[in-house]
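Visitor: I am new to this structure, and I would like to understand how each label attached to it is reached. Could you show it to me, and then let me ask about the reasoning?

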Amino acid sequence: MVKIVLIDDDPISTFVTEKLISKNIKVPFEIFIYDNAIKALNEISLINPNYLFLDLNMPEMTGWDFLEEYHPSNNNPEVYILSSSVDERDIDKASNYSLVKKYLSKPLVKKYIKTIFN
């Protein structure tokens, strides 16, 4: 069972991402959705995800803050940053995190999902 964690405070973005994943993944999967990075950080070790989709701009704890605090113990999930920012500084900063596989701009498109899960 593939475990996917989606951390994003935007309900529309979350809905679109969840639907794209559901329609384009060909293996059994489970999606865990969080609109709060602090709550996700507290529970993520119980999930042990294979994939993690992370928004950057969220209240209380940003995606950057989450990445600073998140240290997976068992496996390293593929982390994909989801952001509406196309600022080169954000893209460069994302490449400094070994867990981050790719920086994806919102809205997420089918092509990205197919590439990730195929």
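**Reasoning from values to labels**

Guide: Let us begin with a single residue, serine 83, which, once its neighbours within four places in sequence are set aside, is in contact with Asp55, Leu56, Asn57, Tyr103, Leu104, Ser105 and Lys106. Please keep in mind throughout that this is a predicted model.

Visitor: Where is serine 83 found, and why is serine 83 called buried or exposed?

Guide: Serine 83 is found in strand β4. Its relative accessibility is 0%, and buried means under 20%, so serine 83 counts as buried.

Visitor: Which elements does the chain have, and in what order do they run?

Guide: The chain has five helices and five strands, and from the N terminus on they run β-α-β-α-β-α-β-α-β-α.

Visitor: What makes the chain as compact as a globular protein of that length?

Guide: The radius of gyration is 13 Å, which is close to the 13 Å that the globule rule gives for 118 residues, and therefore the chain is as compact as a globular protein of that length. The C-alpha atoms fill a box of roughly 35 × 30 × 25 Å along the principal axes, and 43% of the 118 residues count as buried. Among the contacts with a separation of 6 or more, 65% are between residues 24 or more positions apart.

Visitor: How many aromatic pairs are there, and why is the pair of tyrosine 51 and phenylalanine 117 called what it is?

Guide: The count comes to five aromatic pairs. In the pair of tyrosine 51 and phenylalanine 117, the ring centres are 4.7 Å apart and the planes stand at 65 degrees; centres within 6.5 Å make a pair, and planes over 60 degrees apart count as edge-to-face, so this pair is edge-to-face.

Visitor: What does the pair of tyrosine 51 and phenylalanine 117 tie together?

Guide: Tyrosine 51 lies in strand β3 (residues 51-55) and phenylalanine 117 in helix α5 (residues 110-117), so the pair ties together parts that are 66 residues apart in sequence. Tyrosine 51 and phenylalanine 117 are both buried.

Visitor: How do you know whether the rings of phenylalanine 53 and tyrosine 80 are stacked or edge-to-face?

Guide: Their centres are 5.4 Å apart and their planes are at 20 degrees; since planes under 30 degrees apart count as stacked, the conclusion is that this pair is stacked. Phenylalanine 53 lies in strand β3 and tyrosine 80 in strand β4 (residues 78-83), so the pair ties together parts that are 27 residues apart in sequence.

Visitor: Why do phenylalanine 53 and tyrosine 80 count as buried?

Guide: The relative accessibility is 0% for phenylalanine 53 and 3% for tyrosine 80; buried means under 20%, so phenylalanine 53 counts as buried, and so does tyrosine 80. Tyr51, Phe53, Tyr80 and Phe117 form one aromatic cluster.

Visitor: What makes valine 86 exposed, while lysine 39 is called partly exposed?

Guide: Valine 86, whose place is in the loop between β4 and α4, has a relative accessibility of 63%, and exposed means over 50%, so valine 86 counts as exposed. Lysine 39, in helix α2 (residues 37-47), has 47%, and partly exposed is what lies between the 20% and 50% limits, so lysine 39 counts as partly exposed.

Visitor: How far apart in space are valine 86 and serine 105?

Guide: They are 7.0 Å apart, C-alpha to C-alpha, although 19 residues separate them in sequence.

Visitor: What is notable about the backbone at asparagine 48, at glutamate 60 and from lysine 106 to proline 107?

Guide: Most residues other than glycine have a negative phi, and most peptide bonds are trans. Asparagine 48, in the loop between α2 and β3, has a positive phi near 55 degrees, and glutamate 60, in the loop between β3 and α3, has a positive phi of about 70 degrees. Asparagine 48 is partly exposed at 29% relative accessible area, whereas glutamate 60 is exposed at 66%. The peptide bond from lysine 106 to proline 107 is cis, with omega near -5 degrees, and proline 107 has its place in the loop between β5 and α5.

Technical notes
Residues numbered from 1 in each chain as written. Predicted model: local features only at pLDDT ≥ 70, side-chain atom pairs only at ≥ 80, totals over all residues. Heavy atoms only, no water. Helix = DSSP H or I, 4+ residues; strand = E, 2+ residues; numbered from the N terminus. Rg over C-alpha atoms; globule rule 2.2 N^0.38 Å. Buried < 20%, exposed > 50% of the residue type's maximum accessible area, 1.4 Å probe, protein only. Contact = heavy atoms within 4.5 Å. Phe/Tyr/Trp six-rings, centres within 6.5 Å; stacked < 30°, edge-to-face > 60°.
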